[in-house]
Each structure stands twice: as structure tokens, then as C-alpha cells.
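New to this one? Here is a short, informal tour of a few spots worth a look.

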Amino acid sequence: MIEVHTPDPIRYVTEDGQPVQTLPDRYTPELLRELHREMLRAREFDRKLITLLRQGRTTFYAQSTGMEATQVGLARSIRPGHDWVWPYYRDHTLGLAMGVPMYELISQCLGTNSDPSRGRQMPHHFASAALKFVSISSSIASQVPPAAGSAMAQKYLGTDEITVCTFGDGATSEGDWHAGMNMAGVAQAPCLFVCENNQWAISTGVRQQTASETIHVKARAYGMPGYYVDGNDIVAVMEVMTHAAGRIRAGDGPALVECLTYRVGSHSNADADAEKHYRTREEVGEWLGRDPIVRVERLLEHLGHPVSSEERADLIARTHREVDQDVLRAEATGQPDWKIMFEDVYADLPSHLRTQAAELRAEQDGGRA
């Protein structure tokens, strides 16, 4: 039985890979290896994208290193392509685990012609219509009220879809977050709110954001259950998320899940050298010892199915090759033409935009002459 409003995070596996409660039968060595591969693939994707950033081939990126169990566990607990997801800007691991092609994600980061959004959105702000993964936005908590609205529509239409809305701990300090939570609570809308509490909103720690002991206790104010889970324990994440999603899908209203995890890297490329400015190396080192990928490896070793160093190295090498190939493929498609500025918005282009397009075309033609 998954309990609500627990004082400590729910967990199934300790940092050294020892189960602290009986693992459900579905966590076979095969499944645990799948989860391990997905998490390691996402982490190596992170590393490669940081390299692209430093090479000047993209201009913005926000790492999710250290948060893989939360995002992969969530992806495994919902119905990708059926449920709607309103993500936040650190959710590329969630997107990859749901099935967003790595090629599409890389294309979006590079802003090439292979980018589904055709270079119109800032890097690392991707979407997937096929997977009902709504476009990422940099505006903190701006996705929360629309997510509540989408869940209210699902209830009105009588579907068995649910809405998933993710955000960081910093978002809970925004008015939009409270408005969206309140709307969903009043309407008893089928919305799963997931706080990926990585403990730092850029340089502002959780203790400087809220006087409440935890984030999940805030669910009480909005008439919904709050769950508190060890976000670096993928078994615990999947068990809590699956339980909460099932409860919501059954018509019992919204829920808030707080996943306690940690942002190991910088907030983004605009926030380098975090350890020099607002947090200590000791703190980061402590959380490196709680690595969610290493925890699964230790669990597999405990179960008698260890991941060999050769197997791990091969997976890393394959991910690096995949990223490198997708980067070359994306760059080969070239940069979007200026003409797309006038496409996809209006069925019939207004006269003032037709005039501007003609003027720009003449300017471009003149420049070539």
C-alpha cells in the first residue's frame, strides 16, 4: 500500500543497492537492465549535448544528470501517446524515455531543417505531437494552469486519458503553480502533478523558497493526496507514480508527487561553476554518492545479475555514436529559410504580412545581385 503524506521519502532500494522492502514481481533483472540502459543513455546524451554547446553548435542546454530515475520512472508509469504531458525545461530524459526520437531532439537543439518546430523555438524546448508532449517553455510554472485546463477537458469529455504536469521546486513559488493546483483540486480533474525537487531553483535553495517542511504537504491545501518519494530510487518512483496515475485514471481526482532528487550539473549553460557561487562541493559529492544509475547497478549485483564494465562501456560508446550520427544528419539538412517566418500561422496570410514578405524577398534578391 502506497501511503500519502509520509514524513520521509518512500523508498524500495538503498544507495548501496539493498532492498528495504520486498520488490514487486515485475522488477525482473530484464526490466531493471532496460531501465538501466534508458538512464545511462540519457546521461550520455547529456554529456554529448554539453560538448555541442561548448563547440558553439547550440546555444542553450539544461542538464538532467542525477535526475534520471525520476524521469524514466515517470515515463514508465503513464501511457505515452495517450496521456498528455506538460513538461518543464529539464525533461529531455522524460521525452527520450517516452519515445521522442533522439534525432528530433538533437535537430531541435541545433535548429536545423529537420527540427519539427523549424528552428522557431529556443534550443532544448522541444515538443512531440505524436506523443502529446506539449512544447517546453522557459516561463516558470506557466505550464501548470493549462495542464489543469487540459485535465478538466478530459474529465468533461469522459476520456480515460490523464494529464501529467512536471515542474521543479522553484515553480512552486510561482502564483501560476498555486492557481493551477487550485483549479485542478476544485474540478477534481485527472491531473498528475510531479515536482522534480532537485533542491535548487538556479541559485535559490528550497529552504529559501518555502517554510513548509516539504513540497508534497502543499497538496493538502488543494484537496488532493500528496506523495513523497526518493526520486533517485527508480523502483520507488515507478511504484508511487503507477499508483497515483491509476488512482487518477479511476476518477479519484488529482494528486501531487514530490520526487526528492538532485541537479548534479549547473542550472544551465548560463549558470557555470555553481559550486563556486551558491553550493558546496561537499553537497554535490554527497549526492553523487546517491547516483540513481549506480543504485540500479548495485541492485542488479545484489540480485546476482551484475552489469559488467564492458557492457557499460559498450552502451556508452553506442550512445555516443548515435548522437554523433544524428548531429551530422541534422546539420546536413541545413538551416531553415527565412520564408518560414510567414508560414504555418495563418491559413490566409494577411495583407500586411504579404507586403513584408515581398519586401524581404526583394531585399534578399537584391543582396544576391
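Contact here means heavy atoms within 4.5 Å. Keep in mind, too, that this is a predicted model.

Let's start with E68, which sits in helix α2, residues 68-75. Is E68 buried or exposed? Its relative accessibility is 0%, so E68 counts as buried, the cut-off for that being under 20%. Setting aside neighbours within four places in sequence, E68 touches M39, R43, G73, T93, P292 and I293. With one of these, R43, there is a polar contact between the two side chains, at 2.9 Å.

Next up is Y12, in the segment that comes before α1 (29-54). Y12 is also buried, because its relative accessibility is 7%. Which residues does Y12 meet, once neighbours within four places in sequence are left out? There is a run of them, Q18, P19, V20, Q21, T22, L23 and P24, along with I2, D233, V235, A236 and E239. Take P24 from that list: Y12 and P24 are 12 residues apart in sequence, and their C-alpha atoms are 9.8 Å apart in space.

Now for a pair of helices. α5 packs with helix α6 (residues 175-187) at an angle of about 15 degrees, and their axes are 7 Å apart. That angle makes α5 roughly parallel to α6, since angles under 35 degrees count that way. The crossing of α5 past α6 is left-handed. Who meets whom? On the α5 side you'll find V144, P145, A148, M152 and K155, and on the α6 side D176, W177, G180, M181, M183, A184 and A187. Sorted by class, this contact has nine nonpolar residues, one polar and two charged.

Last, a look at the backbone. Most residues other than glycine have a negative phi. Two loop residues go the other way, with a positive phi in a residue other than glycine: R118 and D344. The table sets them out.

| Residue | Phi | Loop | Relative accessibility |
|---|---|---|---|
| R118 | near 60 degrees | between α4 (102-110) and α5 (144-157) | 28% |
| D344 | near 75 degrees | between α11 (309-332) and α12 (351-368) | 57% |

What does the accessibility say about each of them? R118, at 28%, counts as partly exposed. D344 has a relative accessible area of 57%, so D344 is exposed, the cut-off for that being over 50%.

How values were computed:
Residues are numbered from 1 along each chain as its sequence is written. This is a predicted model: local features need pLDDT of at least 70, side-chain atom pairs count only at pLDDT 80 or more; totals for chains, interfaces and linings use all residues. Side-chain values use heavy atoms; hydrogens and water are left out. Helices (H or I, at least four residues) and strands (E, at least two) are DSSP runs, numbered from the N terminus. Buried means under 20% relative accessible area, exposed over 50%, partly exposed in between (1.4 Å probe, protein chains only). Axes are lines fitted to C-alpha atoms, for helices over the stretch in contact, and angles run from 0 to 180 degrees between N-to-C directions. Angles under 35 degrees count as roughly parallel, over 145 as roughly antiparallel, 65 to 115 as roughly perpendicular and the rest as oblique. A crossing is left-handed if the near helix is turned anticlockwise from the far one by less than a right angle, and right-handed if clockwise. Ala, Val, Leu, Ile, Met, Phe, Trp, Tyr, Cys and Pro count as nonpolar, Asp, Glu, Lys and Arg as charged, and the others, Gly among them, as polar. A polar contact is a pair of N or O atoms within 3.5 Å; within protein, one must be able to donate a hydrogen and the other to accept it, and residues adjacent in sequence count only if both atoms are side-chain atoms.
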